[in-house]
Amino acid sequence: GHWLILLATVYLAIVGTGFRLGHFRRLSWTYFDPEWSRNRVYRNGPFAYIPGALMFGSGLLLSFVVPSPSLLGDLLFLVLMAALVWLLITLFFRPAKFLKPRWLREQESGGSRG
């Protein structure tokens, strides 16, 4: 089970960072498609990859710390909860302009798709 969570964490971190940097721009097709953009989870899915990676990663690390409660365990739990809140806000609300990648803001203002 731990390997699967580690794999999900690495995948979400790589794809999420690549999306922010503009390498995976095709993931934004649901953001611009009028039919899919009504569904918030699909529209905002690519924005949730990084908080998802934080959530899975901190949860994975927490699973190794739980048997002996400590300050590290408390800190990891706080990171996990903050990432979960960030993930839910990202999925269900339109991202604020400052949270969008620059290439996406330019695409929205210019009206071009690509």
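**Helices, a nonpolar patch and two salt bridges**

R102 is exposed, with a relative accessible area of 60%. I'm opening with that residue, and we'll come back to its partner later. Hi everyone! Before going on, please keep in mind that what you see here is a predicted model.

Let's begin with helix α5, which runs over residues 71-92. How far apart should the ends of this helix be? With 22 residues at 1.5 Å a residue, α5 should span 32 Å, and its end C-alpha atoms are indeed 32 Å apart, so the two values agree.

Now, which residues of α5 are buried? They are G73, L76, L80, A83, L87, T90 and L91. These residues cover an arc of only 115° around the axis, so they sit on the same side of α5. If you look at the spacing in that list, here is a handy rule: an α-helix has 3.6 residues a turn, so residues three or four places apart point the same way. And what do the buried residues pack against? Their packing partners are α3 (40-44) and α4 (49-65). Turn α5 around, and the face pointing away from the buried side carries the exposed residues L71 and L78.

Let's zoom in on one residue of that helix, L80. Is L80 buried or exposed? Its relative accessibility is 15%, and under 20% means buried, so L80 counts as buried. If we leave aside neighbours within four places in sequence, L80 is in contact with M55, S58, G59 and L62. As for F24, it is 56 residues away from L80 along the chain, and the C-alpha atoms of the two are separated by 26 Å.

Another buried residue worth finding is T9, in helix α1 (residues 2-21). T9 has a relative accessible area of 13%, so this residue is buried too. Beyond residues up to four places away in sequence, T9 touches A53, F56 and G57.

Next, let's go out to the surface. Here V41, V85, L88, I89, F92 and F93 form a nonpolar patch, and together they have about 530 Å² of accessible area. Which element gives the most to this patch? That would be α5, with four residues. Take L88, which has its place in helix α5. L88 is partly exposed, with a relative accessible area of 40%.

Last topic: charges. Side chains of opposite charge can pair when their charged atoms come close. How many salt bridges does the structure hold? There are two.

One of them joins the side chains of E108 and K100, at 3.0 Å from N to O. Have a look at how covered each partner is. K100 is buried, with a relative accessible area of 6%, while E108, at 33% relative accessibility, counts as partly exposed.

The other brings us back to our opening residue: R102 forms a salt bridge with E106, and their closest N and O atoms are 3.9 Å apart. Why are these two separated by about one helical turn? Because they are four residues apart in helix α6 (residues 102-110). E106, at 49% relative accessibility, counts as partly exposed, and R102, as I said at the start, is exposed.

So, when you open the model yourself, try starting from α5: find its buried residues, including L76 and L87, then turn to the opposite face and look for L71 and L78. Thanks for listening!

Note on methods. Residues are numbered from 1 along each chain as its sequence is written. This is a predicted model: local features need pLDDT of at least 70, side-chain atom pairs count only at pLDDT 80 or more; totals for chains, interfaces and linings use all residues. Side-chain values use heavy atoms; hydrogens and water are left out. The expected span of a helix is 1.5 Å times one less than its number of residues. Buried means under 20% relative accessible area, exposed over 50%, partly exposed in between (1.4 Å probe, protein chains only). The arc is that of the directions from the helix axis to the C-beta atoms. Contact means heavy atoms within 4.5 Å. Patches are made of residues with over 30% relative accessible area and no salt bridge: like charges are joined within 9 Å, nonpolar side chains (Val, Leu, Ile, Met, Phe, Trp, Tyr) within 5 Å. Accessible areas come from the Shrake-Rupley method with a 1.4 Å probe; for residues, only the protein chains shown count as cover. A salt bridge is a side-chain nitrogen of Lys or Arg within 4 Å of a carboxyl oxygen of Asp or Glu.
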